[in-house]
Amino acid sequence: MLFSSIPFLYYFLPVVLILYFIAPKKLKNSVLLLTSLVFYGWGEPKYVVLMIASILIGYVSGLLIEAFSQKKLSKLFLWLSVGINIGFLAYFKYADFFIENFNAATGLSIPLLRIALPIGISFYTFQILSYTVDVYRKDVPAQKNLINLAAYVTMFPQLIAGPIVRYSHIAKELENRNINVENFAKGMRRFILGLGKKILIANTLGELCDIFKQSDDKSVLFYWLYAVAFMLHVYFDFSGYSDMAIGLGKIFGFNFWENFNYPFISKSATEFWRRWHMSLGTWFRDYVYIPMGGNRVSKPKWFFNIFVVWFLTGFWHGADWTFIVWGLYFAIFLISEKLLYLKYLEKSKVLSRVYLLVVVGISFVIFNATDMKEAVSYIGGMFGVGGVPLVSTEFFYYLKSFGVTLCIGLIGCTPIVKKTVEKIKEKSIGGKIIAVIEPIFLIALLIVMTAYLVDGSFNPFLYFRF
């Protein structure tokens, strides 16, 4: 079930809110758990069993790790939990990838398993892993209440698209949280704005990307238009979902961490990854990079650590070489910046941002390619390789057709709007005007988006692939 759908907005969510707010405090986690299982099982009920099995393994492992914390058995239970949950992820997400590559390397023809990917498995697996590791490290006590742990893992606001919420961040809120009108209002505001980013900007730019891929009239400028459109599409698609998740979390009394911080204003790839999908970046930093030694090792080992982390970052996104190459592509730039030119980029105001947008634009062309052959072809087209013309008729036509949305996207991916509103609020009269206009604007925005959904407009969600 998509957040950006009529069934979710006007059937599922209202029922959940009514049940949640009338439930006694002691039963709120139970309501959240049951409704989240319904949400998850809406399209794939059989995979609810897999999720419950993962939760039970994490729950029992946490108790055993804590019970034997002074003995070597603690590490054994940790590795069993990690191994089983990674095994689930590897089987359902990567089995066919491994078989395909084994067949290619050996010439054999082992049949593919054709397993459907359980929605959200990458996210909830990482949440269970972080929980058991944190219990092993004694950063948090093991959760004795199975319902509380299950509610944390299955919580539908962040289940299918993140942010990756760590147990340690919301452990106290699982026991006692603030549920009030103020948080409800803030949460609804964040949710509606995120929904707007998704439906009005991301979906529209997604249409342009699909049009480009089907076009027979490509040109250098059309390739670059596609690269910019897809960059913005991914950003508004994923950050819009993160906004909706954070908003829903606020409604239910949880404070999820931010996942995006205007990444396109960065001056380097290093800064970009401090601002983009921050919950994933910090997860790999804390549970892979630092345990491997981080940068407190010899230079060759440091390079190795970076490449391992970025190999895994790419592979986490999908079972395809394009994702692996995408991750390693960033590893090369991150190492190059640290060794050669990061200090020069940080001093530059214009060149550094042009550099970042070119690097990221090319990266997402790789990310969205069906295979590496297409990726190489598209990157070549961006630079006129193979006699690709500079301009084409379709470039001008679609630039004009999608120009307004592109401009809104380019402005919206910067803090300009946020800072402008904050400055207006600082003035007494401005704050009063915003207080009156904002609810009217949000209601109007919701009506417009509902019309889009009723009309059956283009409405995919990219991260369902992961």
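The exercises below work through salt bridges, helix crossings and single residues in a predicted model.

**Exercise 1. Which side chain pairs with Lys144 in a salt bridge, and which parts of the chain does the pair tie together?**

Solution. Begin with the whole structure, where a search finds 11 salt bridges. In one of them the side chain of Lys144 meets that of Glu66, with a distance of 2.8 Å from N to O. This satisfies the criterion, because a salt bridge asks for a side-chain nitrogen of Lys or Arg within 4 Å of a carboxyl oxygen of Asp or Glu. Next, place the two partners: Lys144 belongs to the loop between helix 5 (121-136) and helix 6 (146-154), while Glu66 belongs to helix 3 (residues 47-67), so the pair ties together parts that are 78 residues apart in sequence. Finally, consider the surroundings of the acidic partner, for Glu66 has a relative accessibility of 28% and therefore counts as partly exposed.

**Exercise 2. Trace the salt bridge between Arg190 and Glu258, and state in which network these residues are linked.**

Solution. The closest N and O atoms of Arg190 and Glu258 are 2.7 Å apart, and the two residues form a salt bridge. Arg190 is part of helix 9 (residues 181-214), whereas Glu258 sits in the loop between helix 10 (220-251) and helix 11 (269-275), so that parts 68 residues apart in sequence are tied together by the pair. As to accessibility, Arg190 is partly exposed with a relative accessible area of 22%, and Glu258 is partly exposed as well, with a relative accessible area of 40%. The last step is to widen the view: a network of salt bridges links Arg190, Lys197, Asp243 and Glu258.

**Exercise 3. Asp286 forms a salt bridge with Arg285; decide for each residue whether it is buried or partly exposed.**

Solution. The closest N and O atoms of Asp286 and Arg285 are 2.8 Å apart. Since buried means under 20% relative accessible area, Asp286 is buried with its value of 16%. Arg285, by contrast, has a relative accessibility of 40% and counts as partly exposed.

**Exercise 4. Describe how helix 3 and helix 6 cross, and which residues make the contact.**

Solution. The axes of helix 3 and helix 6 come within 10 Å and cross at roughly 130°. Helix 3 and helix 6 are therefore oblique to each other, and helix 3 passes helix 6 in a right-handed crossing. On the side of helix 3 the contact is made by Met51, Ile55, Leu56, Gly58 and Tyr59, and on the side of helix 6 by Leu146, Leu149, Ala150, Val153 and Thr154. Sorted by class, the residues of this contact between helix 3 and helix 6 are eight nonpolar, two polar and no charged.

**Exercise 5. Carry out the corresponding analysis for helix 12 and helix 13.**

Solution. The axes of helix 12 (residues 278-289) and helix 13 (residues 299-317) come within 11 Å and cross at roughly 130°. That angle makes helix 12 oblique to helix 13, and the crossing of helix 12 and helix 13 is right-handed. From helix 12, Leu280, Phe284, Val288 and Tyr289 meet a set of residues in helix 13 that consists of Trp302, Asn305, Ile306, Val309, Leu312, Thr313, Trp316 and His317. In terms of class, the contact of helix 12 with helix 13 holds nine nonpolar, three polar and no charged residues.

**Exercise 6. Locate Ser54, Ala319 and Phe98, and state how accessible each one is.**

Solution. Ser54 has its place in helix 3 and is buried, with a relative accessible area of 2%. Leaving aside its neighbours within four places in sequence, Ser54 is in contact with Asn85, Phe88, Tyr124 and Ile128.

Ala319 is placed in the loop between helix 13 and helix 14 (321-347), where its relative accessibility of 29% makes it count as partly exposed. With neighbours within four places in sequence again left aside, Ala319 is in contact with Lys93, Tyr94 and Phe97. The C-alpha atoms of Ala319 and Val385, which are 66 residues apart along the chain, are separated by 29 Å.

Phe98 is found in helix 4 (residues 73-106) and is partly exposed, with a relative accessible area of 43%. Its C-alpha atom is separated by 28 Å from that of Gly294, a residue 196 residues apart from Phe98 along the chain.

Technical notes
Residues are numbered from 1 along each chain as its sequence is written. This is a predicted model: local features need pLDDT of at least 70, side-chain atom pairs count only at pLDDT 80 or more; totals for chains, interfaces and linings use all residues. Side-chain values use heavy atoms; hydrogens and water are left out. Helices (H or I, at least four residues) and strands (E, at least two) are DSSP runs, numbered from the N terminus. Buried means under 20% relative accessible area, exposed over 50%, partly exposed in between (1.4 Å probe, protein chains only). Axes are lines fitted to C-alpha atoms, for helices over the stretch in contact, and angles run from 0 to 180 degrees between N-to-C directions. Angles under 35 degrees count as roughly parallel, over 145 as roughly antiparallel, 65 to 115 as roughly perpendicular and the rest as oblique. A crossing is left-handed if the near helix is turned anticlockwise from the far one by less than a right angle, and right-handed if clockwise. Contact means heavy atoms within 4.5 Å. Ala, Val, Leu, Ile, Met, Phe, Trp, Tyr, Cys and Pro count as nonpolar, Asp, Glu, Lys and Arg as charged, and the others, Gly among them, as polar.
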